[in-house]
Structure formats: C-alpha cells, structure tokens
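Notebook open, structure loaded. I want to go through the fold, the side-chain pairs and the cysteines, and write down what I find.

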Amino acid sequence: GEWGAPSGPVRKSTICKFWESGNCSKGDACSFAHGQEQIGTYADPALVGGKGGKGGMLSADWHCPACGDYQFARNAQCRKCGAPNPAGSGMGGKGKRPAPY
C-alpha cells in the first residue's frame, strides 16, 4: 500500500492531540485514542482513510461551492476563499458527527 496508509486495523496507542484541544474532526475514523479508555482499542477500519487523507469523509464535511476546496464539518467558512458554509455555521470545532451518529 501507500506509505503511511493503514494496512489493517489501526490500534490506538496514543491520545489524539486534536481531541485534547477539542478540534478532532475525524470522530470514529481517528486512529488516535479519544480518552484513556480507548488506548488499546482499534479504529473502525471502515472509516479510516488510506489514500493520503482523502478517505473517511464525514457526512457534514463539505466542498466549498465558490472554489471547490475540501472543508471539515467544523468550518463555518471556507479556509481558502472565505465563502460561508452553505449548511450553516459549522460544528463549533468539537469534531462531533451530526445525528444520527
């Protein structure tokens, strides 16, 4: 496979630095632990992307209608051109999936 791409289930052995600061947008697809109770568990292989970060797109992630740049769900506006998120104001930087997840 590609360099850096998971070749099988990814064991969580380190706390996610983004989760600690409230900014992990990967949710269940994150290969790092979101709390001590997840150390030693495995990331959901169906959600972990292995193509240079292009896999595991969350349902609320979006592409900017103005410039086409990929945006994480938490972004209230495009990080490239500043256009607003057409679905609303973003998710407050918590990296949580919208219902029904």
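Below are my entries, in the order in which I looked things up.

**Ground rules**

I am working on a predicted model, where local features need pLDDT of at least 70, side-chain atom pairs count only at pLDDT 80 or more, and totals for chains, interfaces and linings use all residues. I number residues from 1 along each chain as its sequence is written, and my side-chain values use heavy atoms, with hydrogens and water left out.

**Overall look**

I started with secondary structure and got one helix and two strands. Helices (H or I, at least four residues) and strands (E, at least two) are DSSP runs, numbered from the N terminus. Read from that end, the order is α-β-β.

Next I checked burial, with buried meaning under 20% relative accessible area, exposed over 50% and partly exposed in between (1.4 Å probe, protein chains only). Of the 101 residues in the chain, 28% are buried. I put the accessible surface at about 6700 Å², and carbon and sulfur atoms hold 53% of that. Those areas come from the Shrake-Rupley method with a 1.4 Å probe, and for residues only the protein chains shown count as cover.

I also looked at contacts, meaning heavy atoms within 4.5 Å. Among contacts with a separation of 6 or more, 32% are between residues 24 or more positions apart.

**The salt bridge**

How many salt bridges are there? I found one, using the rule of a side-chain nitrogen of Lys or Arg within 4 Å of a carboxyl oxygen of Asp or Glu. The partners are Asp69 and Arg79, at 3.6 Å from N to O. Asp69 sits in the loop between β1 (62-63) and β2 (70-71) and Arg79 in the segment after β2, so the bridge ties together parts that are 10 residues apart in sequence.

Which partner is buried and which is exposed? Asp69 is buried, at 18% relative accessible area, while Arg79 is exposed, at 59%.

**Around Asp69 and Gln71**

I stayed with Asp69 and found a second side-chain partner, Gln71, in a polar contact of 2.9 Å. By polar contact I mean a pair of N or O atoms within 3.5 Å; within protein, one must be able to donate a hydrogen and the other to accept it, and residues adjacent in sequence count only if both atoms are side-chain atoms. Setting aside neighbours within four places in sequence, I have Asp69 in contact with Trp62, His63, Cys64, Cys78, Arg79 and Lys80.

Gln71 belongs to strand β2 and is buried, at 0% relative accessibility. The Gln71 side chain also makes a polar contact with the side chain of Asn75, at 3.0 Å. With the neighbours within four places left out again, Gln71 is in contact with Asp61, Trp62, Cys64, Gln77, Cys78, Arg79 and Lys80.

**Cys67**

I placed Cys67 in the loop between β1 and β2, where Cys67 is partly exposed, at 33%. Not counting residues up to four places away in sequence, Cys67 touches Cys78, Lys80 and Cys81. I also took the C-alpha distance to Ala83: 8.5 Å, across 16 residues of sequence.

**Cysteine sulfurs**

How many disulfides does a search of the whole structure find? I got zero, where a disulfide is a pair of cysteine sulfur atoms within 2.5 Å. Cys16 is in no disulfide, and the nearest cysteine sulfur, in Cys24, is 3.8 Å away. Cys16 is buried, at 3% relative accessible area.

For Cys64, the closest cysteine sulfur is in Cys81, at 3.6 Å, too far for a bond. Cys64 is buried as well, at 3%.

**Aromatic rings**

My last search, for aromatic pairs, found one in the whole structure. Tyr70 and Phe72 make up this pair, edge-to-face, with 5.6 Å between centres and 85 degrees between the planes. My rule: rings of Phe, Tyr and Trp (its six-membered ring) pair if their centres lie within 6.5 Å, with planes under 30 degrees apart counted as stacked, over 60 as edge-to-face and the rest as tilted. Both residues came out partly exposed: Tyr70 at 25% and Phe72 at 31%.
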